Amino acid sequence: MSETGMVLSVLRASFNDGPGIRTTVFLKGCPLRCRWCHNPESQSPRMEIAFLENRCSRCGACVSACPNHCHALNASGHTVDRTACTACGACANACGNGALSIKGKAADVDEIMRDVVKDIPYYQSSGGGITLSGGEPLMQPDLAAEILRRAKAEGIHTTVETCGLASRNVFERIAPLTDLFLFDLKGMNDDLHRQHTGVSNRMIHENAKWLCESGANVMFRLPIIPGLNDRDADLAALGAFICSLPGEHAFEIMPYHAMGTDKAAQIGQAYTCEARVPAPADIERCENQLKAAVR
Ligand code: SF4
Ligand code: SF4
């Protein structure tokens, strides 16, 4: 049997995760807890139950179906005890309204590759390929390496979207199998980085430097979160860091959006980011400052 891991979803015909038409494989689990995360359901490495309250008709089928008595209907609404949930999926199967679903599933490389190879003609005509994303795909290095190895054997272009936090030996294994890294940089101020992502940026920046020194093709992705990392000094420091790296590296701004708010609520997670969505003028200012710093 081929390598198995935890997959959140597989998205075919994706246009935002690298060049051309791509299949993006989202692996579940991330070592960061960014307050602005737009995919909070990808953070936990485990399967979990999601509940869409506005689809619930309070029929009670899930209450009867759950072997662990996780669901309750009472005057305050429909509550889900996630601490007792084993993600068995019985309630999701019983719900006729699509209000419940399980996020994540175990999948093996054979299964993943069956989806990926379907679109080889599209990759060839568009310059596309496969992208591993997450979560953080390098949290499952054996699975990631095997998918990339199989894709390369099929002649498929490979991209890895990473938060940059993985051990050096994982990057050493993955780099020869990767045509393009989309590498997130969230800020140079370590105190702010710890405050807003839960981890230090030190190892992330060391890995970015190592990849660039190794000759990897790296494009930096810079999430811009108004009020958290968009001050002039923040942008100048980011630009200076990119400039200091060997080789020429493109970057793109990823403006904050609030899509994570509803998704976090569905999995019972607090969403603590209160940033506003940036206006086009804010994005233009950031872009101009970064371009001036990187020049
Ligand atoms: S997934 Fe299983 S354990 Fe979790 S709430 Fe649903 S029925 Fe209960
Ligand atoms: S089965 Fe679905 S619609 Fe019925 S109470 Fe449970 S979540 Fe709501």
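C66 is buried, because its relative accessibility of 10% falls under the 20% limit for that label. This cysteine is also among the closest residues to ligand 1. The model is a predicted one, and the points below walk through its ligands, its strands and its empty spaces.

**Around the two ligands**

- Ligand 1 has 13 residues around it, and C66, C85, C88, G89 and C91 are the closest of them.
- Sort the shell of ligand 1 by class and you get nine nonpolar residues, four polar ones and no charged ones.
- Ligand 2 is surrounded by 13 residues too, with C56, C59, C62, C95 and N97 coming nearest.
- The shell of ligand 2 does hold one charged residue, next to eight nonpolar and four polar ones.
- Is C95, one of the residues nearest ligand 2, buried or exposed? C95 is buried, since its relative accessibility is 17% and the label applies under 20%.
- Cysteines turn up in both lists of closest residues, yet a search of the whole structure comes back with zero disulfides.
- For anyone new to the term, a disulfide is a covalent bond that joins the sulfur atoms of two cysteines.

**Strands to look at**

- Strand β3 covers residues 48-51, with E48 and A50 pointing one way and I49 and F51 the other.
- Whichever way they point, all four of these β3 residues are buried.
- Which strand pairs with β3? The partner is β6 (residues 100-103), and the two run in the antiparallel sense over four bridges.
- Within that pairing, F51 sits opposite L100 of β6.
- A107 belongs to strand β7, which spans residues 105-108.
- A107 counts as buried because its relative accessible area is just 4%, against a limit of 20%.
- Between the C-alpha atoms of A107 and G215 there are 32 Å, and along the chain the two residues are 108 residues apart.

**Pockets**

- How much space lies in the largest pocket? The volume comes to about 990 Å³.
- A total of 38 residues line the largest pocket, and F26, H38, N39, G134 and E161 lie nearest its centre.
- The elements giving two or more residues to that lining are β1 (4-14), β9 (157-162), β11 (218-224) and β12 (251-255).
- Of these, β1 provides the largest share, with four residues.
- By class, the lining of the largest pocket splits into 16 nonpolar, 13 polar and nine charged residues.
- The second largest pocket has about 190 Å³ of volume.
- F51 from strand β3 shows up again here, as the lining of the second largest pocket includes F51, L52, E53 and N54.
- Other residues in that lining include H78, R82, D262 and Q266.
- Two elements, β5 (77-80) and α10 (260-266), each give two or more residues to the second largest pocket.
- The lining of the second largest pocket has four nonpolar, five polar and three charged residues.

**Cavities**

- Empty space can be found by rolling a probe the size of a water molecule over the atoms.
- The count of cavities of 30 Å³ or more is three.
- The largest cavity takes up about 120 Å³.
- Among the residues lining the largest cavity are W36, K186, M188, H193, H196 and D234.
- Helix α7 (residues 190-197) gives the largest share of this lining, four residues.
- Six polar residues, four nonpolar ones and two charged ones make up the lining of the largest cavity.

Conventions. Residues are numbered from 1 along each chain as its sequence is written. Chains are lettered from A and ligands numbered from 1 in the order in which they are written. This is a predicted model: local features need pLDDT of at least 70, side-chain atom pairs count only at pLDDT 80 or more; totals for chains, interfaces and linings use all residues. Side-chain values use heavy atoms; hydrogens and water are left out. A residue is near a molecule or strand if one of its heavy atoms lies within 4 Å of it. Ala, Val, Leu, Ile, Met, Phe, Trp, Tyr, Cys and Pro count as nonpolar, Asp, Glu, Lys and Arg as charged, and the others, Gly among them, as polar. A disulfide is a pair of cysteine sulfur atoms within 2.5 Å. Buried means under 20% relative accessible area, exposed over 50%, partly exposed in between (1.4 Å probe, protein chains only). Two strands pair if DSSP finds at least two bridges between them. On a 1 Å grid over the protein atoms alone, a cavity is a set of points where a 1.4 Å probe fits but cannot get out, and a pocket is an open set with protein on both sides within 12 Å along at least five of seven lines; lining residues have an atom within 4 Å of a point. Grid points are joined across faces, edges and corners, and a volume is the space filled by probe spheres set on the points.
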